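Visitor: Got a minute? I'd like to talk through the empty space in this one.
Guide: Sure, pull it up and ask away.
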Amino acid sequence: MTELPKRKHPRLKCYDYSSAGAYFVTICTHNRKCLLSRIVGRGLAPAEIQYTEYGIIAQQQLLNLTDRYPDLQMHHYVIMPNHIHALLILGEHTAGASPRPTLSDIVCTFKSLTTRECNKSHPIGQLLQTSFYEHVVRNQVDYDALAEYIVNNPKQWELDKLYCEN
């Protein structure tokens, strides 16, 4: 039997992911299928995102996270055909008697609710990959670069490492 390569765990060791701060998150669709949106108008025309039915649901659930987690702010996000980037800010407030949610708690809630809502209208099974990519934003320069990346992602779609035909 061939041994599979060990996956590198992307999380920082000994870091408290419920800590206040900024986080950049990337969530991919299952098997990186282009299910969430289409990018149109490339070339001379400005790139425009057209959401699919699943993309509309994903956007609603993403924006609803700030209601579910009052100490969460959504600064920037983009819903690409097969992935979502978001720049999230966790505030300083405690959750009262409840433990503070971790970044994983928030992302898992989003993924679960999005998949459940999408399966209500057009059953698809697993919509999103099990894992997600995260980056702890270290300073203002890092934040600005990530915010710019999110804004420019549709314009750069064909150069993106997650690119696939619509």
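Guide: One term before we start: a cavity here is a set of grid points where a 1.4 Å probe fits but cannot get out. Also, keep in mind that this is a predicted model.
Visitor: OK, how many cavities of 30 Å³ or more does a search of the whole structure find?
Guide: Just 1 turns up at that cut-off.
Visitor: And how much space lies in the largest cavity?
Guide: About 40 Å³.
Visitor: Which residues line the largest cavity?
Guide: The lining is made of Val25, Ile27, Leu62, Leu65, Ala86, Leu88, Ile106, Val107 and Phe110. Sorted by class, that is 9 nonpolar residues, with no polar and no charged ones.
Visitor: Which elements each supply at least two residues of that lining?
Guide: Two strands and two helices: β1 (21-28), β5 (83-90), α1 (53-68) and α2 (103-121).
Visitor: Which of them gives the most?
Guide: α2 does, with 3 residues.
Visitor: Switching to β1, how many of its residues are buried?
Guide: 7 of the 8, so β1 is mostly covered, with buried meaning under 20% relative accessible area.
Visitor: In what sense do β1 and β5 pair, and over how many bridges?
Guide: They are antiparallel, with 8 bridges. Within that pairing, Tyr23 sits opposite Leu88 of β5, and Leu88 is also one of the cavity-lining residues.
Visitor: What about β6, how many bridges join β1 to that strand?
Guide: 4, and β1 and β6 (residues 133-136) run antiparallel too. Thr26, for instance, has Tyr133 as its bridge partner in β6.

Terms used:
Residues are numbered from 1 along each chain as its sequence is written. This is a predicted model: local features need pLDDT of at least 70, side-chain atom pairs count only at pLDDT 80 or more; totals for chains, interfaces and linings use all residues. Side-chain values use heavy atoms; hydrogens and water are left out. On a 1 Å grid over the protein atoms alone, a cavity is a set of points where a 1.4 Å probe fits but cannot get out, and a pocket is an open set with protein on both sides within 12 Å along at least five of seven lines; lining residues have an atom within 4 Å of a point. Grid points are joined across faces, edges and corners, and a volume is the space filled by probe spheres set on the points. Ala, Val, Leu, Ile, Met, Phe, Trp, Tyr, Cys and Pro count as nonpolar, Asp, Glu, Lys and Arg as charged, and the others, Gly among them, as polar. Buried means under 20% relative accessible area, exposed over 50%, partly exposed in between (1.4 Å probe, protein chains only). Two strands pair if DSSP finds at least two bridges between them.
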